[in-house]
Amino acid sequence: MSRPSAASRTAPTSSTGTASFTVCGDVAEPFTLTVAELRAGWQQHRAEVTFDCATSGPQHHRFEGALLYDVIRAAEPGFDPRRRKDRARFLLAVSGGDGHHTVLSWAEIDQDFSGSPILLATRLDGHGLDTAGSQLVVPTDRCGARYISAITTIWTGACGDLTA
Ligand SMILES: Nc1nc2c(c(=O)[nH]1)N[C@H]1C(S)=C(S)[C@@H](COP(=O)(O)O)O[C@H]1N2
Ligand SMILES: [Mo]
């Protein structure tokens with residue numbers, strides 16, 4: 001059985017056919033955003049990417065969207081922003097409408113560490129993602145597995161003491 005295509009993976013939609021996702025976890029200001037709000041509220045960046053899919057080979061897409069960093073900062077993650085070691089403990093878990101999910105570290109998107117321009121897309125190949133939902137864009141990844149589509153939730157929080 002093949003996995004569903006991006007078009008058939010949809011985030012929860014309201015009666016107006018508008019997908020939204022929630023930013024939650026260890027944040028002072030959790031919020032839920034539609035793709036239209038993501039487009040209007042944050043500076044939009046472009047990324048033209050090629051990634052490899054294990055089942056369908058190389059995929060080439062043009063994305064437009066907000067920086068994941070900017071959106072999560074707006075939710076005020078529970079770290080001291082002046083302390084690099086505090087920021088370096090934080091994880092991000094991104095879930096899609098079909099249950100596919102992935103993790104990132106805060107350090108991947110923070111300029112003091114890897115500073116990768118990871119996006120929450122609002123447009124894919126010129127078409128709005130308002131109905132399908134936002135898609136994670138990881139231009140530095142060689143393969144497509146973390147390009148989560150139909151995003152429903154982004155959780156952020158610190159990893160604890162793993163020896164406890
Ligand atoms: N929600 C969700 N997103 C997903 C997947 C999935 O199964 N579910 N598959 C990933 C994989 S393996 C790849 S290669 C890309 C493919 O993106 P496309 O369907 O837009 O070509 O989507 C990624 N995003
Ligand atoms: Mo894939």
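Around ligand 1 there are 15 residues, of which Arg-9, Cys-53, Asp-98, Tyr-147 and Ser-149 come nearest. The model that shows this arrangement is a predicted one. The ligand is a convenient place to begin, and the strands of the protein may then be followed outward from there.

Three of the residues just named place an N or O atom close to a nitrogen atom of the ligand, as the distances show. From Asp-98, a polar side-chain atom lies 2.7 Å from a nitrogen atom of ligand 1. Tyr-147 takes part through its backbone: one of its backbone N or O atoms is 2.8 Å from a nitrogen atom of ligand 1. For Ser-149, again a backbone N or O atom is concerned, and the distance to a nitrogen atom of ligand 1 is 3.0 Å. Taken alone, ligand 1 exposes 530 Å², and the protein buries 88% of that area.

What kinds of residue make up the shell around ligand 1, when they are sorted by class? Six are nonpolar, six are polar and three are charged. Two strands deserve attention here, since strand E3 (44-53) and strand E4 (57-67) each supply at least two residues of this shell.

These two strands are also partners of one another. E3 and E4 run antiparallel and are joined by ten bridges. Within this pairing, Asp-52 stands opposite Pro-58 in E4. The two strands form a hairpin, with three residues between them.

Strand E3 also contains Glu-48. Is this residue buried or exposed? With a relative accessible area of 58%, Glu-48 is exposed, because the term applies to values over 50%. Glu-48 also illustrates how the folded chain can bring together positions that are separated in sequence: Glu-48 and Pro-139 are 91 residues apart along the chain, yet their C-alpha atoms are 8.0 Å apart in space.

From E4 the path leads to strand E7, which comprises residues 119-124. E4 and E7 run antiparallel and are joined by five bridges. One position to look for is Gly-65, which stands opposite Ala-121 in E7. Strand E7 is mostly covered, as five of its six residues are buried.

E7 has further partners. Three bridges connect E7 with strand E9 (residues 135-137), and these two strands run antiparallel. Here Leu-120 has Leu-136 in E9 as its bridge partner. E7 also pairs in the antiparallel sense with strand E8 (residues 127-128), over two bridges. In this pairing, Leu-124 stands opposite His-127 in E8.

How many residues lie between E7 and E8 in the hairpin that they form? There are two, and Asp-125 is in the turn. Asp-125 has a positive phi of about 50° although it is not a glycine. With a relative accessible area of 29%, Asp-125 is partly exposed, because this value falls between the limits of 20% for buried and 50% for exposed.

A positive phi is found at Glu-76 as well, where the angle is about 60° although the residue is not a glycine. Glu-76 belongs to the loop between helix H2 (68-74) and helix H3 (84-87). Its relative accessible area is 43%, so Glu-76 is partly exposed.

Another residue to examine is Thr-156, whose place is in strand E10 (residues 151-158). Thr-156 has a relative accessible area of 1% and is therefore buried, the limit for that term being under 20%. The side chain of Thr-156 reaches the backbone oxygen of Leu-91 at a distance of 2.8 Å.

Finally, a database record may be set beside the model. In an unreviewed entry, UniProt lists residues 18-130 for "domain: Oxidoreductase molybdopterin-binding". In the model, this span is 19% helix and 45% strand, and its end C-alpha atoms lie 6 Å apart.

How values were computed:
Residues are numbered from 1 along each chain as its sequence is written. Chains are lettered from A and ligands numbered from 1 in the order in which they are written. This is a predicted model: local features need pLDDT of at least 70, side-chain atom pairs count only at pLDDT 80 or more; totals for chains, interfaces and linings use all residues. Side-chain values use heavy atoms; hydrogens and water are left out. A residue is near a molecule or strand if one of its heavy atoms lies within 4 Å of it. A polar contact is a pair of N or O atoms within 3.5 Å; within protein, one must be able to donate a hydrogen and the other to accept it, and residues adjacent in sequence count only if both atoms are side-chain atoms. Accessible areas come from the Shrake-Rupley method with a 1.4 Å probe; for residues, only the protein chains shown count as cover. Helices (H or I, at least four residues) and strands (E, at least two) are DSSP runs, numbered from the N terminus. Ala, Val, Leu, Ile, Met, Phe, Trp, Tyr, Cys and Pro count as nonpolar, Asp, Glu, Lys and Arg as charged, and the others, Gly among them, as polar. UniProt positions are given in the numbering used here, feature names are shortened, and annotations may be inferred rather than shown by experiment. Buried means under 20% relative accessible area, exposed over 50%, partly exposed in between (1.4 Å probe, protein chains only). Two strands pair if DSSP finds at least two bridges between them.
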